Amino acid sequence: MLDTNDIGKVFDPITASVEKGRLSRFAKAIGENNPIYLDDATAKNAGYDDLPVPPTFLFCLKMDVPEPFENYEKLGVSLLKLLHANQSFEYFNAAVAGDVLTFSSVVEDIYAKKGGALEFLIEKTKVVNQKNVHIADLVTTLVIRNEIT
Amino acid sequence: MITFDDINIGDFLPVLSTEKISRTTLALYAGASGDYNPIHIDIDFAKSAGMDDVFAHGMLSMAYLGRLLTNWVDQRNIKKIDVRFTAITPLFAQMICTGLVQKKDVLNGENIIEVLVEAKDSNSGEIKLSGIATINLTEDQYSKA
């Protein structure tokens, strides 16, 4: 069970490098065929300093730690019961290959529905680059299905 | 690239249809995304969680919605994407990603478009993701970059 006392809890910041090889593998995994995400020259012609980070890849970089679910597990969340309910990205500036991004996350809210059968955890994450330029804000809503044991 | 004047409420974005989601798709996505949650790659773990089989990462389908949008506008025009995962996407789903222009407004001098985005499993016809993308098509708004 989650504890509402954890609302406001700040997780340790995560720092992740945007590696070109990883971007290529991600592009392949999602079937990307737009050359702006695959070809350096196309990206640079479009005004990017390097290959751009595609819209949802920031979520992946945030998991770039040895134990990406550890923060949740420490709050009492079991992966067996965990589902992703909602995800938002708000963008302020582009991120590109070679950037080093820092993800600072806080537990925004915790609440239960259906008499505790469903618990919700809302995490808000601010992303900045190596120049402290604000790249994006992410909001992740996780649902924990307590009726399944 | 499409401009604000080209777009009208009720317009559909060019549809994006994906390949069938196979176990290989999920293995590749796990590796590339760093999301190694075993529920997506290990059938034994999935069964122990009460599922019949592994199922797709919700973020895989959200990435498909990202492709839908960036095939239509420059990514730097996307201000926000907010998506709800309404149902689990099973193996072998083929996702049909659609976008419908719902709003077109000039707000504080900025040209803003709101698009209803959805990802549907073509096998079952069920919508798996649904949300709103906010696009800013003000000219030169990213030239500062």
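This tour moves through a predicted model of two chains, A and B, selection by selection.

**Confidence and overall form**

Begin with the whole complex, for which the predictor gives an ipTM of 0.94 and a pTM of 0.94. If the model is coloured by pLDDT, chain B has a mean of 94, and 96% of its residues reach 70 or more.

Next, display chain A alone as a cartoon. Its secondary structure comprises four helices and five strands, arranged along the sequence in the pattern β-α-α-α-α-β-β-β-β. The C-alpha trace of chain A spans about 55 × 30 × 25 Å along its principal axes. Chain A has 149 residues, of which 33% count as buried. Of the contacts in chain A between residues at least 6 apart in sequence, 70% join residues at least 24 apart.

**The helix α1 of chain A**

Select residues 20-29 of chain A, which form helix α1(A); the buried residues here are A:Arg22, A:Leu23, A:Phe26, A:Ala27 and A:Ala29. Viewed down the axis of α1(A), these buried residues fall within an arc of 160°, so they line one face of the helix. To see what that face meets, add α3 (57-61) of chain A and α1 of chain B: the buried residues of α1(A) pack against both. Then step just beyond the end of α1(A) to A:Gly31, whose phi is positive, at about 70°.

**The helix α1 of chain B**

Now turn to α1(B), residues 23-33. Its buried residues are B:Thr25, B:Leu26, B:Tyr29, B:Ala32 and B:Ser33. Looking down the axis of α1(B), one finds these buried residues within an arc of 135°, so they too line one face of their helix. They pack against α1 and α3 of chain A, together with α3 of chain B. Just after α1(B), B:Gly34 takes a positive phi of about 85°.

**The interface**

Bring both chains back and select the residues in contact across them: 36 residues of chain B are in contact with 33 residues of chain A. On the chain B side, β1 (16-20), α1 (23-33), α3 (58-70) and β2 (78-85) each supply at least two residues. The largest share, ten residues, comes from α3(B). Colouring this side of chain B by residue class gives 16 nonpolar, twelve polar and eight charged residues.

Where do strands of the two chains pair? Strand β2 of chain A, residues 82-91, runs antiparallel to β2(B) and is joined to it by five bridges. Within this pairing, select A:Ser88, which stands opposite B:Asp82.

**The nonpolar cores**

Show the side chains of the largest nonpolar core, which has 61 residues. The members that touch the most others are A:Phe26, A:Leu58, A:Leu101, A:Val127, B:Tyr64, B:Leu65 and B:Leu68. The element that gives the most to this core is α3(B), with eight residues.

Centre the view on A:Leu101. Residues up to four places away in sequence aside, A:Leu101 touches A:Ala16, A:Val18, A:Leu61, A:Ala95, A:Val127, A:Asn129 and A:Ile135. A second, separate core of seven residues can be selected afterwards; among its members are A:Tyr72, A:Val107, A:Ile110 and A:Leu142.

**A buried aspartate**

Select A:Asp99, in the loop between β2 and β3 (100-113) of chain A. Is this residue buried or exposed? A:Asp99 is buried, because 21 other C-beta atoms lie within 10 Å, where 20 or more is the criterion. Apart from its neighbours within four places in sequence, A:Asp99 is in contact with A:Val18, A:Asn129 and A:Gln130. A distance label between the C-alpha atoms of A:Asp99 and A:Val18 should read 5.5 Å, although the two are 81 residues apart in sequence.

**The strands β3, β4 and β5 of chain B**

Finish in chain B with residues 94-107 and 110-121, the strands β3(B) and β4(B), which pair in the antiparallel sense over twelve bridges. B:Leu100 stands opposite B:Leu116 of β4(B). Their hairpin has two residues between the strands, and B:Asn108 there takes a positive phi near 50°.

Add β5(B), residues 127-136: nine bridges join β4(B) to this strand, again antiparallel. Here B:Ile113 stands opposite B:Ile135. The hairpin of β4(B) and β5(B) has five residues between the strands, and B:Gly125 takes a positive phi near 80°.

Definitions and conventions:
Residues are numbered from 1 along each chain as its sequence is written. Chains are lettered from A and ligands numbered from 1 in the order in which they are written. Two residues are in contact if their C-beta atoms, placed from the backbone, lie within 7 Å. Ala, Val, Leu, Ile, Met, Phe, Trp, Tyr, Cys and Pro count as nonpolar, Asp, Glu, Lys and Arg as charged, and the others, Gly among them, as polar. Two strands pair if DSSP finds at least two bridges between them. A residue is buried if 20 or more other C-beta atoms lie within 10 Å of its own, exposed if 12 or fewer, and partly exposed in between; C-beta atoms are placed from the backbone. A nonpolar core is a set of buried Ala, Val, Leu, Ile, Met, Phe, Trp, Tyr and Cys residues joined through C-beta atoms within 7 Å. pLDDT is the predictor's confidence in each residue, from 0 to 100. The arc is that of the directions from the helix axis to the C-beta atoms.
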